[in-house]
Amino acid sequence: MFYPNIVDVIPEKNIVCISPHYDDFLFFLGGYLLELKEHGLLGSKKLTNISTFSRSNYQERDSEGNKDASLKRVQYATGIRLIEDLECLDALLGPHNYFYRVMGEEESQVRGKILNEGEGEMEMAFGSYENMDGHDREILARMKDAAMDYMAQEDTAVILPLSMKGHIDHFIVREAGLTAAKEAGSSRCAAVYFAEDKPYAGMMDGVESKINDDFIAANGLADKAFAHHPEEILELAFKHYPSQVDEVYNTGIRDRSRYLKELYNVSCECDRIYQYNK
């Protein structure tokens with residue numbers, strides 16, 4: 001369903017975004033927050049970003065360096081990515097207008113996951129329960145315990161990834177949050193939402209779209225679409241995350257916004273999240 005009034009999309013005051021990687025807060029919630037800002041409502045929310053897989057060795061356009069999981073490489077890449085993220089959130093939300101938490105987990109390639117490097121595709125490590133190793137399962141357990149703390153908070157929205165295209169880190173965050181929500185059951189006070197992963201959302205093939213649709217149906221997720229600002233998102237991304245983004249972001253984000261505009265038959269480009277109602 002399309003929501004013309006942005007205040008109806010996430011009515012909770014406190015928004016906690018559990019971001020797999022440093023740039024995911026922008027791509028999960030950036031369009032929503034820009035729409036709030038346009039209506040003078042950004043100050044009505046208390047925002048927390050949790051950077052989950054915050055020990056990184058990844059730098060765009062550096063295939064050889066991305067195979068190096070040494071401490072020196074992790075210090076180098078993590079320092080760059082952390083500052084990029086803080087600068088972007090400062091630009092999006094205003095300095096000191098948000099809380100920022102770092103969980104310190106190792107990103108997929110630091111854990112030795114193999115990156116897909118296909119032509120026209122983003123570099124990413126795919127994953128599911130079937131190919132998770134012991135290390136991954138330990139992370140999932142820690143993530144679930146951390147998410148449980150937020151499930152008990154009132155007037156709070158917890159934002160998780162849908163894990164479109166199945167990046168292993170996004171998958172772990174999704175499953176940890178979903179498991180926490182299920183285990184909390186009737187004691188859960190927080191609302192739980194799933195954000196469309198971008199630019200992956202605009203790059204799915206038919207098989208990947210069906211996997212995503214099946215997850216939405218199996219978990220009773222209700223769509224909540226709203227006006228998007230893809231060009232502003234891309235401007236922020238290319239300005240503040242030069243070590244992460246490349247041209248595929250333009251395609252993935254623009255194509256998804258246009259697709260949703262046509263799907264909901266509205267005059268504006270769109271983004272959407274899903275609310276967990278079980």
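This briefing walks through the cores, the cavity, the cysteines and a few individual residues of this structure.

Welcome to a predicted model. Its largest nonpolar core has 38 residues, and a second core of 37 residues lies apart from it. The structure also holds 1 cavity of 30 Å³ or more, while a search of the whole structure finds 0 disulfides. The points below take these topics in turn.

**The nonpolar cores**

- Seven members of the 38-residue core touch the most other members: I10, L26, L29, Y32, L33, L93 and I159.
- Several elements each supply at least two residues of this core, namely the strands β1 (14-19), β4 (156-161) and β5 (191-195) and the helices α1 (24-38), α2 (71-93), α6 (230-240) and α7 (248-264).
- Helix α1 is the greatest contributor to this core, giving 9 residues.
- Once neighbours within four places in sequence are set aside, L29 is in contact with I10, I15, C17 and I159.
- The other core, of 37 residues, is separate from the largest one and includes V16, I172, Y200 and M204.

**The cavity and M143**

- About 30 Å³ of space lies in the largest cavity.
- You can find its lining by picking out I18, I50, R101, M103, M143, A146, A147 and Y150.
- By residue type, this lining comprises 7 nonpolar residues, no polar ones and 1 charged one.
- Helix α3 (residues 134-151) gives the most to the lining, with 4 residues.
- M143, one of the lining residues, sits in helix α3 and is buried, with a relative accessible area of 2%.
- Beyond its neighbours within four places in sequence, M143 is in contact with I18, T52, M103, V173 and A176.
- M143 and I18 are 125 residues apart along the chain, and their C-alpha atoms are separated by 9.6 Å.

**The cysteines**

- A disulfide is a covalent bond between the sulfur atoms of two cysteines.
- The search of the whole structure turns up 0 of these bonds.
- C88 cannot be paired because the closest cysteine sulfur, in C17, is 12 Å from its own, too far for a bond.
- C88 is also buried, at 0% relative accessibility.
- For C270, the closest cysteine sulfur is in C268, and the 4.5 Å between the two sulfurs is too far for a bond.
- C270 counts as buried as well, with a relative accessible area of 1%.

**Backbone features to look for**

- Most residues other than glycine have a negative phi, and most peptide bonds are trans.
- A cis peptide bond joins K198 and P199, with omega about 5°.
- P199 belongs to the loop between β5 and α5 (206-218).
- H96 has a positive phi, near 70°, although it is not a glycine.
- The loop between α2 and β3 (99-102) is where H96 is found, and this residue is exposed, at 80% relative accessibility.
- S163, likewise a residue other than glycine, has a positive phi near 70°.
- S163 is placed in the loop between β4 and α4, and it counts as buried, at 8% relative accessibility.

**Two more buried residues**

- E175 lies in helix α4 (residues 168-184) and is buried, with a relative accessible area of 9%.
- Leaving aside neighbours within four places in sequence, E175 is in contact with Y129, L140 and F215.
- Y193 is part of strand β5 and is buried, with a relative accessible area of 0%.
- Not counting residues up to four places away in sequence, Y193 touches V9, I10, P11, E12, A157, V158, I159, L160, K224, I273, Y274 and Q275.
- Two of the residues that Y193 touches, I10 and I159, are also among the core members that touch the most others.
- Y193 and G177 are 16 residues apart in sequence, and their C-alpha atoms are 9.8 Å apart in space.

Notes
Residues numbered from 1 in each chain as written. Predicted model: local features only at pLDDT ≥ 70, side-chain atom pairs only at ≥ 80, totals over all residues. Heavy atoms only, no water. Core = buried A, V, L, I, M, F, W, Y, C linked by side-chain atoms within 4.5 Å. Buried < 20%, exposed > 50% of the residue type's maximum accessible area, 1.4 Å probe, protein only. Contact = heavy atoms within 4.5 Å. 1 Å grid on protein atoms, 1.4 Å probe; cavity = no way out; pocket = protein on both sides within 12 Å on 5 of 7 lines; lining within 4 Å. Points joined across faces, edges and corners; volume = space filled by probe spheres on them. Nonpolar A, V, L, I, M, F, W, Y, C, P; charged D, E, K, R; others polar. Disulfide = S-S within 2.5 Å.
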